[in-house]
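Visitor: I'm new to this one, and I'd like a close look at a single part of it. Could you walk me through the pockets?

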Amino acid sequence: MSLDIHLLLAMGASYHKMQKGEIIFHEGGYCYYYHQLVSGSVRWVNIDEYGQEHVQSIIEPGECFGELPLFDDRPYAASAIAGEDCLMLRLRKDVFRKLMKEDHELHLEMNRILVERIRFKFLMQYSITRHTPEDRIRILLEYCLKEKRHICPHSFQLKLTRQQIADLAGLRVETVIRAIRKMHEEGLLLIENRKIFIPDLPPHHGYLN
């Protein structure tokens, strides 16, 4: 879910480092750049009046984020916060839009990225209707497996923390801990040294195609 790094550099993109906890851009702020994560992680969140974060997505290396204002000129719909020390590429908005106009295949790729974001939001909205925490977590894990996100490709270790699972599934972390323990006991996943592995999760009828 990204554009070719060499192309971005050729178009004038530059590297920027951010430290853990730094805000990359604010919800409601104006967009000046296309952002693509090279290393580290980024939380894409809304923050309510009490300072509580509501996580929309967790960005991994190789993914872009904050792309909506690049197309509609409206403010950012969420804030981006460095989840750990990270390195990213930034390309000026006007250059990005010029690139989209000139390269039809790249424009289609960005459309695919936007559609994938929408599919994920539909999926997580659907998961909220499920009655048990295990169902909600299972839907999230099946998505991670199918889309190869937040999963180590060789070991099938889940790279999400229990807190991140709670954030994405709309659950309390204590609920997630109990639900994951139950799923481990039922053989739906494996816990070793507090690490979560999901090598053979059976298909669930709730996944949205």
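Visitor: What volume does the second largest pocket have?

Guide: Keep in mind that we're looking at a predicted model. The second largest pocket comes out at about 330 Å³. Its lining is made up of 21 residues, and if you head for the centre, the closest ones are Trp44, Gln56, Leu68, Arg117 and Lys121. Now for the elements behind that lining: strand E4 (42-47), E5 and H4 each give two or more residues to the second largest pocket. H4 provides the largest share there, with six residues. Sort the lining of this pocket by class and you get twelve nonpolar residues, along with four polar and five charged ones.

While you're here, take a peek at the largest pocket too. That one holds about 380 Å³ of space. There are 18 residues around the largest pocket, and His54, Val55, Asp167, Leu168 and Gly170 lie nearest its centre. Some of the element names will ring a bell: strand E5 (53-59) and helix H4 (104-127) each give two or more residues to the lining of the largest pocket, and so does helix H6 (162-169). In the largest pocket, H6 gives the largest share of the lining, namely five residues. As for classes, the lining of the largest pocket has seven nonpolar residues, seven polar ones and four charged ones.

So, to trace the second pocket yourself, start at Trp44 and Gln56, two of the residues closest to its centre, then look along H4 for its six lining residues.

Note on methods:
Residues numbered from 1 in each chain as written. Predicted model: local features only at pLDDT ≥ 70, side-chain atom pairs only at ≥ 80, totals over all residues. Heavy atoms only, no water. 1 Å grid on protein atoms, 1.4 Å probe; cavity = no way out; pocket = protein on both sides within 12 Å on 5 of 7 lines; lining within 4 Å. Points joined across faces, edges and corners; volume = space filled by probe spheres on them. Helix = DSSP H or I, 4+ residues; strand = E, 2+ residues; numbered from the N terminus. Nonpolar A, V, L, I, M, F, W, Y, C, P; charged D, E, K, R; others polar.
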